[in-house]
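Here's a quick briefing to read with the structure open next to you. It goes through the sheet, the helices and the cysteines in turn.

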Amino acid sequence: MDNILIKVHESYRWVVAVCDADVFGRKLIDGKRVLDVSGAFFDGKAMSDEEAEVEIVRCVNEDATFNFVGKESVGLAKVMGIVKEEGVMYIDGVPVALVLM
């Protein structure tokens, strides 16, 4: 099942948006913290966990910056050793991690 969306914004330094398909389209609000996961920034290609892992590795090799949003996306980043639990914040109950490689 293709449950992770990935969009690579290629520029001087790649910025990679990785979010769970079921989180896309939501606006996460927690006090002063707001994350809009409904726009073009996160509207990426739907991939399985295995496909997403291959794409993330490709982007890591390009010295990318990552925005992970959602249980599956953040969980995959943890399994891959890119994110540690102490690097995860929660907005509206949804895990979020920002990574600079």
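**Strand pairing and packing**

Start with a residue pair: Leu5 stands opposite Cys19 in strand 2. That's part of the pairing between strand 1 and strand 2, which is antiparallel and spans six bridges. Bear in mind that this is a predicted model. Cys19 comes back twice below, once as a contact of Ser73 and once in the disulfide check.

**The sheet**

- Six strands make up an open sheet, ordered 5-1-2-6-8-7, with mixed pairing.
- Strand 5 (45-47) and strand 7 (89-91) sit at the edges with a single partner strand each, so one side of each has no neighbour in the sheet.
- From one strand to the next, the twist averages 25°.
- Strand 6 and strand 8 are paired in the antiparallel sense, over five bridges, and here Phe66 is found opposite Val99 in strand 8.
- Strand 7 and strand 8 also run antiparallel, joined by three bridges; Ile91 is the residue opposite Val94 in strand 8.
- Those two, strand 7 and strand 8, form a hairpin with two residues between them, and Asp92 in the turn has a positive phi of about 55°.
- Strand 8 is mostly covered, with five of its seven residues buried.

**Helix 1 on the sheet**

- Helix 1 lies across strand 1, strand 2, strand 5 and strand 6.
- Relative to strand 1, helix 1 runs at about 20°.

**Helix 2, inside and out**

- Which residues of helix 2 (residues 71-79) are buried? They are Ser73, Val74, Leu76 and Ala77.
- These four cover an arc of only 155° around the axis, which puts them on the same side of helix 2.
- The general background is that an α-helix has 3.6 residues a turn, so residues three or four places apart point the same way.
- Lys71 and Val79 are exposed, on the other side of helix 2.
- The buried residues of helix 2 have quite a list of packing partners: strand 1 (4-9), strand 2 (15-20), helix 1 (49-60), strand 6 (65-69) and strand 8 (94-100).
- Right after helix 2 comes Gly81, with a positive phi of about 80°.

**Zooming in on Ser73**

- Ser73 has its place in helix 2, and its relative accessible area is 1%, so it counts as buried.
- What does Ser73 touch, leaving aside residues up to four places away in sequence? The contacts are Ile4, Val18, Cys19, Asp20 and Phe68.

**Cysteines**

- How many disulfides does the count come to? The count is zero.
- For Cys19, the closest cysteine sulfur is in Cys59, 14 Å away, and that's too far for a bond, because a disulfide here needs the two sulfur atoms within 2.5 Å.
- Seen from the other end, Cys59 is in no disulfide either, with the sulfur of Cys19 as its nearest cysteine sulfur at 14 Å.
- Are these cysteines buried or exposed? Cys19 is buried, at 0% relative accessibility, and Cys59 is buried too, at 0%.

Key. Residues numbered from 1 in each chain as written. Predicted model: local features only at pLDDT ≥ 70, side-chain atom pairs only at ≥ 80, totals over all residues. Heavy atoms only, no water. Buried < 20%, exposed > 50% of the residue type's maximum accessible area, 1.4 Å probe, protein only. Arc of directions from axis to C-beta. Contact = heavy atoms within 4.5 Å. Pairing = 2+ DSSP bridges. Axes fitted to C-alpha atoms, helices over the stretch in contact; angles between N-to-C directions.
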